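Below is a walk through one protein model, going from single residues to the whole chain. Please keep the structure in view while reading.

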Amino acid sequence: MTDKDESLSQHLAALRKALIRSFICIGVLLPFCFWISPKVLDFFITLLIGDSNISLNYFSPMEVFILQMKIALFTDLILSFPYIVKNIWDFILPALYSKEKKFIKSIVFSSTFLFCFGILFCIFAILPMIIKFGLSFSSPHIQPVFGVSNIVTLSLTLSVVFGIMFQFPLITYSLIKSGIISYESVSSKRSYIIIGVLIVAAILTPPDVISQIALAVPTYLLFEVGLLFARRTKNQSRIDGKDKKTKR
């Protein structure tokens, strides 16, 4: 066996070890998450319906049980996320230079923060607004009847979507920072980016204007934040380069 084959086998073994540890973490936490899933479900319902005089209904004997399983898996993935990221970091770390390690470490931390922030923003700000918008169509002759599975599944789906879409500023910053794309090319194509964000928001959200706008607007604002940080980094690099030339 050549050195190249040994190196490949070592990388595959390290990847296998990282994946096994991640799955073990998910499996260990799953019973606990299933135990607390009824409380999480009650929290979701209380948060979503608020002071509205409505009740959620289920239409099959196993519906609530299956819903609790979904909530348990969702909670499990959130609780396991830091450990999974740590395993991925430990796998990638040996192959990087010191500057790359520092950059990727900050990216991992920022990505985790933005993902959690996106979920919390969706749960506490967007979902209650969507429910209130739906209730606004009720009248003495039209009364809302909500299924608990539809409401909670929508909440879980939108929470993950917001967590993913909130990575947008980080992606923008990383691409510009690494030199894959230039700041000028990105900033000159804002109109295309707005259209792209609207299209992605329309694909990922239910077919209603409120949820699409609720996802598209903060996503674009976060894109501008990422662009702003990229510009500041670029300007700082120019200043540092001029200082080095001056010292020489």
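Phe-44 sits in helix α1. The model is a predicted one. With a relative accessible area of 3%, Phe-44 falls under the 20% limit and is therefore buried. Setting aside residues up to four places away in sequence, Phe-44 touches Ile-123, Ser-155 and Leu-156. Phe-44 and Val-152 are 108 residues apart in sequence, yet their C-alpha atoms are 7.3 Å apart in space.

One of the partners of Phe-44 is Ser-155, which belongs to helix α4. Ser-155 has a relative accessibility of 2% and so counts as buried, the limit being 20%. Beyond the residues up to four places away in sequence, Ser-155 touches Phe-44, Leu-48 and Leu-127.

Helix α4 itself covers residues 148–165, 18 residues in total. From its first C-alpha to its last, α4 reaches 26 Å, which is close to the 26 Å expected at 1.5 Å a residue. Its buried residues include Val-148, Ile-151, Val-152, Leu-156, Leu-158, Val-161, Phe-162 and Met-165. Ser-149, Ser-155, Ser-159 and Gly-163 are also among the buried residues of α4.

Val-152 leads on to the nonpolar interior. The largest nonpolar core has 44 residues, and those with the most contacts inside it are Leu-41, Ile-71 and Val-152. The elements that give two or more residues to this core are α1 (3–49), α2 (63–92), α3 (98–135), α4, α5, α6 (183–187), α7 (190–204) and α8 (209–247). The most comes from α3, which gives nine residues. Ile-71 is in contact with Leu-41 and Val-152, and also with Ser-37, Val-40 and Leu-156, when its neighbours within four places in sequence are left aside.

The next residue to find is Phe-168, in helix α5, which spans residues 168–177. Is Phe-168 buried or partly exposed? Its relative accessible area is 25%, which lies between the limits of 20% and 50%, so Phe-168 is partly exposed. Phe-168 touches Ile-193, Val-197, Thr-219 and Phe-223, not counting residues up to four places away in sequence. Glu-224 is 56 residues from Phe-168 along the chain, and the C-alpha atoms of the two are separated by 9.6 Å.

Helix α7 also holds Ile-195. The relative accessibility of Ile-195 is 48%, which is not over 50%, so this residue counts as partly exposed. Ile-195 helps to make a nonpolar surface patch of about 440 Å², together with Ile-199, Val-200, Ile-203 and Leu-204.

What remains is the protein taken as a whole. There are eight helices and two strands, and from the N terminus on the elements run α-β-α-α-β-α-α-α-α-α. The protein has 248 residues, of which 33% count as buried. About 15900 Å² is exposed, with carbon and sulfur atoms supplying 69% of that area. Of the contacts between residues at least 6 apart in sequence, 83% join residues at least 24 apart. The pair Phe-44 and Ser-155, described above, is one case of residues from α1 and α4 that touch.

Definitions and conventions. Residues are numbered from 1 along each chain as its sequence is written. This is a predicted model: local features need pLDDT of at least 70, side-chain atom pairs count only at pLDDT 80 or more; totals for chains, interfaces and linings use all residues. Side-chain values use heavy atoms; hydrogens and water are left out. Helices (H or I, at least four residues) and strands (E, at least two) are DSSP runs, numbered from the N terminus. The expected span of a helix is 1.5 Å times one less than its number of residues. Buried means under 20% relative accessible area, exposed over 50%, partly exposed in between (1.4 Å probe, protein chains only). Contact means heavy atoms within 4.5 Å. A nonpolar core is a set of buried Ala, Val, Leu, Ile, Met, Phe, Trp, Tyr and Cys residues joined through side-chain atoms within 4.5 Å. Patches are made of residues with over 30% relative accessible area and no salt bridge: like charges are joined within 9 Å, nonpolar side chains (Val, Leu, Ile, Met, Phe, Trp, Tyr) within 5 Å. Accessible areas come from the Shrake-Rupley method with a 1.4 Å probe; for residues, only the protein chains shown count as cover. A salt bridge is a side-chain nitrogen of Lys or Arg within 4 Å of a carboxyl oxygen of Asp or Glu.
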